[in-house]
Amino acid sequence: MAKIYAFAADGMEEVECLAVCDVLVRAGMDVRLVSIMGRKQVTGSHGFRIETDALFEEIQDDADVLFLPGGLKGTENLKKHEGLARMLKEHAAAGKRLAAICAAPSVLGGLGLLKDHRATCFPGFEGELLGASCTGEGIVTDGMITTGRGMGYSIDLGLELVRILADEETAAALKKKIQYER
């Protein structure tokens, strides 16, 4: 069973975080919400308060995937967290999977992790995906990095990760079960 850390920050886009995590949990993945705010409760961009499973300081990188949800203020908070930046770089250097959606691929771009990769992001953030070839597609997987364009592609991102971490059949069965026909 794959283990995923979803990094939660004040100002994150709630649906981008929770929809992806929901799909992964339905597929039997071990998903943990990890706060980078120094407290377990974070407040999303639309005012919803979310209780996380752990604080950043309580974890070590034993995950298969590190996932960054978007949201403008949430992404700014992710960019400012030095420990997260270190973890993302070390995770990538170890050949492990990264995922980000909406504005959050700019975190990976700022760290140089998208260089020579195809990627996507919320329109207007392409300039922050340093060294990437921005496709404008809804979901892009290139090597060990999966990116999504925005909230409307949250379920697609979750299903893409299920396809990668489990298999095509598991993703297809889950898609049918949740009545997702896109």
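Reader: Before we dig in, what does buried mean here, and where does the model come from?

Author: This is a predicted model. Buried means under 20% relative accessible area, exposed means over 50%, and partly exposed is in between. Asp10, at 18% relative accessibility, therefore lands on the buried side of the cut-off of 20%.

Reader: OK, so which residue does Asp10 form a salt bridge with?

Author: Asp10 sits in the loop between strand E1 (3–8) and helix H1 (14–26). Its partner is in the loop between strand E2 (30–35) and strand E3 (41–43), so the pair ties together parts that are 29 residues apart in sequence. The closest N and O atoms are 2.5 Å apart, and the partner is Arg39.

Reader: And is Arg39 buried, exposed or partly exposed?

Author: Arg39 has a relative accessible area of 37%. Since that value falls between 20% and 50%, Arg39 is partly exposed.

Reader: How many salt bridges does a search of the whole structure find?

Author: Asp10 with Arg39 is one salt bridge, and Lys79 with Glu128 is another. The search of the whole structure gives a total of ten.

Reader: What about Asp61 and Lys96: how many residues apart in sequence are the parts they tie together?

Author: Their side chains meet in a salt bridge at 3.8 Å, N to O. Asp61 lies in the loop between strand E5 (54–55) and strand E6 (65–68), while Lys96 lies in the loop between helix H3 (82–93) and strand E7 (97–101). Asp61 is partly exposed at 26%, and Lys96 is partly exposed at 25%. The parts that this pair ties together are 35 residues apart.

Reader: Where does Glu128 lie, given that Lys79 is in helix H2?

Author: Lys79 and Glu128 meet in a salt bridge, 2.5 Å from N to O. The pair links parts of the chain 49 residues apart, with Lys79 in helix H2 (residues 72–80). Both ends count as partly exposed, Lys79 at 39% and Glu128 at 32%. Glu128 itself lies in the loop between strand E8 (118–119) and strand E9 (133–134).

Reader: Moving on to rings, is the Phe7 and Phe56 pair stacked, edge-to-face or tilted?

Author: The structure holds two aromatic pairs. In this one the centres are 6.1 Å apart and the planes make an angle of 50 degrees. Planes under 30 degrees apart count as stacked and over 60 as edge-to-face, so this pair is tilted.

Reader: Which residue joins Phe7 and Phe56 in a cluster?

Author: Phe7 lies in strand E1 and Phe56 in the loop between E5 and E6, so the pair ties together parts 49 residues apart in sequence. Both Phe7 and Phe56 are buried. Ring pairs link these two into a cluster with Tyr5.

Reader: And which charged residue sits over the ring of Tyr153?

Author: The charged end in question is 4.7 Å from the centre of the Tyr153 ring. The residue is Arg182.

Reader: What is the phi of Gln179, just after H6?

Author: At the start of helix H6 (residues 168–177), a side-chain oxygen of Asp167 reaches to within 3.2 Å of the backbone nitrogen of Glu169. Gln179 is found in the segment after H6 and is exposed, with a relative accessible area of 59%. Although Gln179 is not a glycine, its phi is positive, at about 65 degrees.

Reader: Which residue in the loop between helix H4 and E8 also isn't a glycine but has a positive phi?

Author: This residue counts as exposed, at 65% relative accessibility. The loop runs between helix H4 (105–110) and E8. With a positive phi of about 65 degrees, the residue is Asp116.

Note on methods:
Residues are numbered from 1 along each chain as its sequence is written. This is a predicted model: local features need pLDDT of at least 70, side-chain atom pairs count only at pLDDT 80 or more; totals for chains, interfaces and linings use all residues. Side-chain values use heavy atoms; hydrogens and water are left out. A salt bridge is a side-chain nitrogen of Lys or Arg within 4 Å of a carboxyl oxygen of Asp or Glu. Helices (H or I, at least four residues) and strands (E, at least two) are DSSP runs, numbered from the N terminus. Buried means under 20% relative accessible area, exposed over 50%, partly exposed in between (1.4 Å probe, protein chains only). A polar contact is a pair of N or O atoms within 3.5 Å; within protein, one must be able to donate a hydrogen and the other to accept it, and residues adjacent in sequence count only if both atoms are side-chain atoms. Rings of Phe, Tyr and Trp (its six-membered ring) pair if their centres lie within 6.5 Å; planes under 30 degrees apart count as stacked, over 60 as edge-to-face and the rest as tilted. A charge sits over a ring if NZ of Lys or CZ of Arg is within 6 Å of the ring centre and within 35 degrees of the ring normal.
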